[in-house]
Amino acid sequence: MVNRSFKPPMTAMLVVGMASLGSAHAADTPVRVASKIDTEGALLGNMIVQVLEANHIRTENKLQLGPTKIVRSALLAGSIDIYPEYTGNGAFFFSTEQDPAWKDAKAGYAKVKELDLARNKLVWLAPAPANNTWAIAIRKDVAASNQLKSLADLGRWLAKGGKFKLAASAEFIERADALPAFEGGYGFKLKQEQLLALAGGDTAATLKAAAEQTSGVNAAMAYGTDGPVAALGLQILDDPKSVQPVYAPAPVVRNSVLNQYPRIATLLAPVFASLDGPTLQTLNARIALEGQDAKLVAAGYLKAKGFIK
């Protein structure tokens with residue numbers, strides 16, 4: 001997930017990179033499945049690959065391609081065909097951050113589905129009921145000793161000089177609907193020395209930094225479906241003002257590819273419908289905390305639920 005004011009990157013390097021991924025989809029080529037670089041991206045991307053392959057739809061694996069800007073640009077350029085995205089990101093894809101629809105699961109899905117089809121010929125398939133919204137997790141010992149349960153509590157504590165250092169991706173730090181939204185909503189502003197920017201968008205690294213107090217870190221960027229939070233001695237601070245949009249995961253596919261393989265929608269719908277918050281937390285924890293391979297975790301879940309044999 002990237003800067004709210006999204007524009008497809010136009011640097012020569014990225015254009016060359018997109019070209020190397022492949023040209024537009026042709027009838028004799030497999031469906032090119034991509035995902036973001038984080039833990040849940042790998043999990044959901046592997047689910048898509050395995051369900052399609054199990055139903056005799058050939059795929060080309062381009063999983064964990066990069067952060068939102070890279071993957072979204074690849075889809076818009078026709079260099080990939082499908083990947084799991086989050087409904088709330090439609091707010092910055094279409095520069096409509098102030099629309100209240102994004103804070104309602106059904107309205108946000110309907111809005112992004114309509115806009116992306118009309119403008120980009122992209123189809124949002126049925127979403128999961130989970131909400132993988134951005135959050136801030138803090139060490140439980142710090143929270144307990146300072147009575148921090150919500151971001152409102154954090155704002156008051158920081159105003160009194162509370163010792164706080166956050167591990168996060170550069171995207172979370174810079175993007176208007178991430179840390180700046182929390183800061184604006186709860187009346188605090190972190191200084192440069194209160195931030196540790198980590199490469200990539202994987203919360204496994206930020207949560208680990210907070211758990212191990214790397215460079216004085218005691219808090220971390222987190223997602224609502226992160227599994228390792230409690231096990232690492234952290235807790236997510238409540239967002240009582242609902243600053244964050246709803247981020248429901250859903251496959252996004254190019255319309256031309258869906259027309260060629262209409263079964264994709266019906267094959268993936270029950271899979272994503274089964275992915276509520278606790279389910280994704282459990283599966284993500286197996287990957288990020290226990291070190292299991294995302295491909296194997298996806299396969300185990302799909303087989304247990306009867307989605308594949």
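**Figure 1. Close-up of α2 packed against α14 in the predicted model.** Welcome to the first view, where α2 and helix α14 (residues 294-304) pack with their axes 8 Å apart, at an angle of about 60 degrees. An angle of about 60 degrees makes α2 oblique to α14. The crossing in which α2 passes α14 is right-handed. On the α2 side, look for Ala 42, Leu 43, Asn 46, Met 47, Gln 50 and Val 51; these meet Ala 294, Lys 295, Val 297, Ala 298, Ala 299, Tyr 301 and Leu 302 in α14. Sorted by class, the residues of this contact of α2 with α14 come out as ten nonpolar, two polar and one charged.

**Figure 2. Close-up of α2 packed against α13.** Here the axes of α2 and α13 are 9 Å apart, and the two helices pack at an angle of about 110 degrees. That angle makes α2 roughly perpendicular to α13. From α2, the contact is made by Thr 39, Glu 40, Leu 43, Leu 44 and Met 47, and from α13 by Leu 280, Leu 283, Asn 284, Ile 287 and Ala 288. The residues of the contact of α2 with α13 include seven nonpolar, two polar and one charged.

**Figure 3. Close-up of α2 crossing α12.** For this pair, the axes of α2 and helix α12 (residues 263-273) come within 10 Å and cross at roughly 135 degrees. The two helices, α2 and α12, are therefore oblique to each other. As α2 passes α12, the crossing is right-handed. To find the contact, pick out Leu 44, Met 47, Ile 48, Val 51 and Leu 52 of α2, together with Ile 264, Leu 267, Leu 268, Val 271 and Phe 272 of α12. The contact of α2 with α12 has ten nonpolar residues, no polar and no charged.

**Figure 4. Close-up of the largest cavity.** The count of cavities of 30 Å³ or more comes to two, and the largest cavity has a volume of about 80 Å³. Its lining holds 14 residues, and those nearest the centre of the largest cavity are Thr 39, Glu 40, Thr 203, Tyr 223 and Asp 226. Three helices, α2 (39-54), α10 (203-212) and α13 (277-288), each supply at least two residues of the lining of the largest cavity. The largest share of this lining, three residues, comes from α10. If you are curious about chemistry, the lining of the largest cavity has five nonpolar, five polar and four charged residues. Two of the residues nearest the cavity centre, Thr 39 and Glu 40, also take part in the contact of α2 with α13.

**Figure 5. Close-up of the largest pocket.** We finish with the largest pocket, where about 280 Å³ of space lies. The largest pocket is lined by 16 residues; nearest its centre you will find Gly 162, Lys 163, Phe 164, Lys 165 and Gln 194. By class, the lining of the largest pocket divides into six nonpolar, five polar and five charged residues.

Key. Residues are numbered from 1 along each chain as its sequence is written. This is a predicted model: local features need pLDDT of at least 70, side-chain atom pairs count only at pLDDT 80 or more; totals for chains, interfaces and linings use all residues. Side-chain values use heavy atoms; hydrogens and water are left out. On a 1 Å grid over the protein atoms alone, a cavity is a set of points where a 1.4 Å probe fits but cannot get out, and a pocket is an open set with protein on both sides within 12 Å along at least five of seven lines; lining residues have an atom within 4 Å of a point. Grid points are joined across faces, edges and corners, and a volume is the space filled by probe spheres set on the points. Helices (H or I, at least four residues) and strands (E, at least two) are DSSP runs, numbered from the N terminus. Ala, Val, Leu, Ile, Met, Phe, Trp, Tyr, Cys and Pro count as nonpolar, Asp, Glu, Lys and Arg as charged, and the others, Gly among them, as polar. Axes are lines fitted to C-alpha atoms, for helices over the stretch in contact, and angles run from 0 to 180 degrees between N-to-C directions. Angles under 35 degrees count as roughly parallel, over 145 as roughly antiparallel, 65 to 115 as roughly perpendicular and the rest as oblique. A crossing is left-handed if the near helix is turned anticlockwise from the far one by less than a right angle, and right-handed if clockwise. Contact means heavy atoms within 4.5 Å.
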